[in-house]
Amino acid sequence: MPERVLMKGNEAVGEAAIQAGCRYFFGYPITPQNEVPEYMARRLPEVGGVYLQAESEVAAINMVYGAAGAGVRVMTSSSSPGISLMQEGISYICGAELPCVIVNMVRGGPGLGSIQPAQSDYFQATKGGGHGDYRLIVLAPSSLQEIFDLMGLAFPLAEKYRNPVMILGDGVLGQMMEPVVLPDEPAQAPPPPPWATTGCQGRRPNVINSLYIEADACEAHNRRLQAKYDEIARKEVRYEALNTSDAEVVLVAYGSVARVCHSAMELARAEGIKVGLFRPITLWPFPSQALAQIAAGTGETGVAGASGTAGAPGRGDSPGPAFLTVEMSAGGQMVEDVRLAVNGLRPVHFYGRSGGVVPTPHEVLEQIRALRKAVAA
Amino acid sequence: MQAEIVIAGFGGQGVMVLGELLAYAGMLENRNVSWFPSYGPEMRGGTANCTVVISDRRIGSPVVSRPGILVAMNLPSSLKFAPLVLENGLILYNSSLIEQPPDRQDVRVISVPANKIADDLGESRIANMVVLGALIGASGVVSLDAVTESLKKVLPARRHNLIPLNRKALEAGMALASAVSA
């Protein structure tokens, strides 16, 4: 068995980024992600990188903007109120088409809210939290090992599409400890690309900007961005589907809540209730097609590395499952994407806890039982 | 097998490190483990707790609503968590600080005079290790050797001189648990 290391989630974020070749971190402290900057402050100098605590989140994201423009692997990390402060800079980085990684360890909101875990920044992360027509690629790990896996993916994805990638976690994931297996080989950052502002000795200056003052030019820029987002939506969908093919109820959840739902699924199956779990790993692009296939009763079970392929075990004449979306959100946010994907084919229900309260497996089990009773009645 | 353990007390009693040692020992025994702390305003002078899951399966929720095992280091923790322990579960309570035993007839309850045993060993700060010893003695969830090995990883090198004393506290707790079981 390869050597396992017991780490805290926030430390895993830091080490995973270093293993992924990140050498620049700019941030500002906020609970529950403080161990990320703490770890980076210690580790980055050891590997020849730069850690800098900015005077605010606004400054931090603009430092990220600058470093990304210079063509290096750079990241920041914050939690909900801090990420709100960064929205202007994130919009500029998307407009200027620069790669970087932004980590949000979400806490209860709105406003200063609480410091406990939440998932109420889903809209902000996936629908464009700042101004303008832009998208972030949003990855939602549900274990510390997956933090490593997705961080290793985040930088190459950001560079391939010249677009920021957001890792959306929460206080549970940041604060918990779990064993991880480190990557065999640390990744090397690629040399700065030709568009980077590396000093213009012997060549024409590169200009990085998000200003297109002529309307036609700005629309052309937007069309190009949309074509890029379409390509990402086609190629980069990731999800995990467990026990969905025979399920009466499919739980839909991401991140730490998907683990709570995994436990609830086991409790329900022990009672003879056929429950499945659908876990989006990319929140944008959302795995709509795979969910639609499950609703239609043609979905497959397993882990998909890319957009799902149709067909799989037949359900006979039985209809697709009912869906229960579980989120740490008061009114539900991801549930809207689930409803769009299912498109009225099957019922989509919602259960949420908010403000920093984490739902328990038994609570979710109660919801499953109630749902089943309502169907039988 | 899956063990779901809540360890609770007030800040300074070493409940977080007790949980961390359990998780570490579980990992050294090639099990899946998770450790999740309570964090928030209640940590200031109030109760602190952590949840440890040790399992042969993929660990779902690191947050547990109904633990199988409870370690209660002070009265507020006992009052809060004892009613949640699963039937046929296990409660270890620090009887040096908790006068009234948890009111549960359907679980195994072990009284551990942790502070007294620690004081007898000459170091009041190892009361948490006494309870950890009693926990592993009564439940067998991890071995004494794995916990001792974990001490080397969790304690900074400059504190490794304290490992023999910690081991003594663990053994005292284990002896107490086996005396109760006999």
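The following paragraphs lead through a predicted model, beginning where chains A and B touch and then turning to individual helices in each.

Where the two chains touch, 21 residues of chain A are in contact with 18 residues of chain B. On the chain A side, several elements each supply at least two of these residues, namely strand 1 (4-8), helix 8 (171-175), strand 8 (177-181), helix 10 (255-270) and helix 13 (361-376) of chain A. The largest share of that side, five residues, comes from helix 10 of chain A. Sorted by class, the residues with which chain A touches chain B divide into 11 nonpolar, six polar and four charged.

Two of the elements just named, helix 10 and helix 13 of chain A, also meet each other. The axes of helix 10 of chain A and helix 13 of chain A come within 8 Å and cross at roughly 55 degrees, and because of that angle helix 10 of chain A is oblique to helix 13 of chain A. The crossing of these two helices of chain A is right-handed. From helix 10 of chain A, the residues A:V260, A:C261, A:S263, A:A264, A:L267 and A:A268 take part, and they meet A:P361, A:V364, A:L365 and A:I368 in helix 13 of chain A. This contact between helix 10 and helix 13 of chain A consists of nine nonpolar residues and one polar residue, with no charged residues.

Further along helix 13 of chain A lies A:V375. Is A:V375 buried or exposed? A:V375 counts as exposed because 11 other C-beta atoms lie within 10 Å, and a residue is called exposed if that count is 12 or fewer. The C-alpha atom of A:V375 is separated by 9.4 Å from that of A:A322, although the two residues are 53 residues apart along the chain.

Helix 12 of chain A, which spans residues 334-342, offers a view of buried residues, with A:M334, A:V335, A:D337, A:V338, A:A341 and A:V342 all buried. These residues lie on the same side of helix 12 of chain A, because they cover an arc of only 155 degrees around the axis. The partners against which the buried residues of helix 12 of chain A pack are helix 6 (122-126), strand 10 (249-252), helix 11 (288-295), strand 14 (322-327) and strand 15 (348-352) of chain A. After helix 12 of chain A comes A:N343, whose phi is positive, near 55 degrees.

In chain B, helix 5 (residues 144-154) has B:V147, B:S150 and B:L151 as its buried residues. Because they cover an arc of only 110 degrees around the axis, these residues sit on the same side of helix 5 of chain B. On the other side of helix 5 of chain B, B:D145 and B:K152 are exposed. The cover over the buried residues of helix 5 of chain B includes helix 1 (15-28), helix 4 (127-139) and helix 6 (163-181) of chain B.

One of these covering elements, helix 1 of chain B, can be followed more closely. The axes of helix 1 of chain B and helix 5 of chain B come within 8 Å and cross at roughly 115 degrees, which means that helix 1 of chain B is roughly perpendicular to helix 5 of chain B. The crossing of helix 1 and helix 5 of chain B is right-handed. Residues B:V17, B:E20, B:L21, B:Y24, B:A25 and B:L28 of helix 1 of chain B meet residues of helix 5 of chain B, among them the buried B:V147, B:S150 and B:L151. By class, the contact between helix 1 and helix 5 of chain B has nine nonpolar, one polar and three charged residues.

Key:
Residues numbered from 1 in each chain as written. Chains lettered and ligands numbered in written order. Predicted model: local features only at pLDDT ≥ 70, side-chain atom pairs only at ≥ 80, totals over all residues. Contact = placed C-beta atoms within 7 Å. Helix = DSSP H or I, 4+ residues; strand = E, 2+ residues; numbered from the N terminus. Nonpolar A, V, L, I, M, F, W, Y, C, P; charged D, E, K, R; others polar. Buried ≥ 20, exposed ≤ 12 C-beta atoms within 10 Å, placed from the backbone. Arc of directions from axis to C-beta. Axes fitted to C-alpha atoms, helices over the stretch in contact; angles between N-to-C directions. Parallel < 35°, antiparallel > 145°, perpendicular 65-115°, else oblique. Left-handed = near helix turned anticlockwise from the far one by under 90°.
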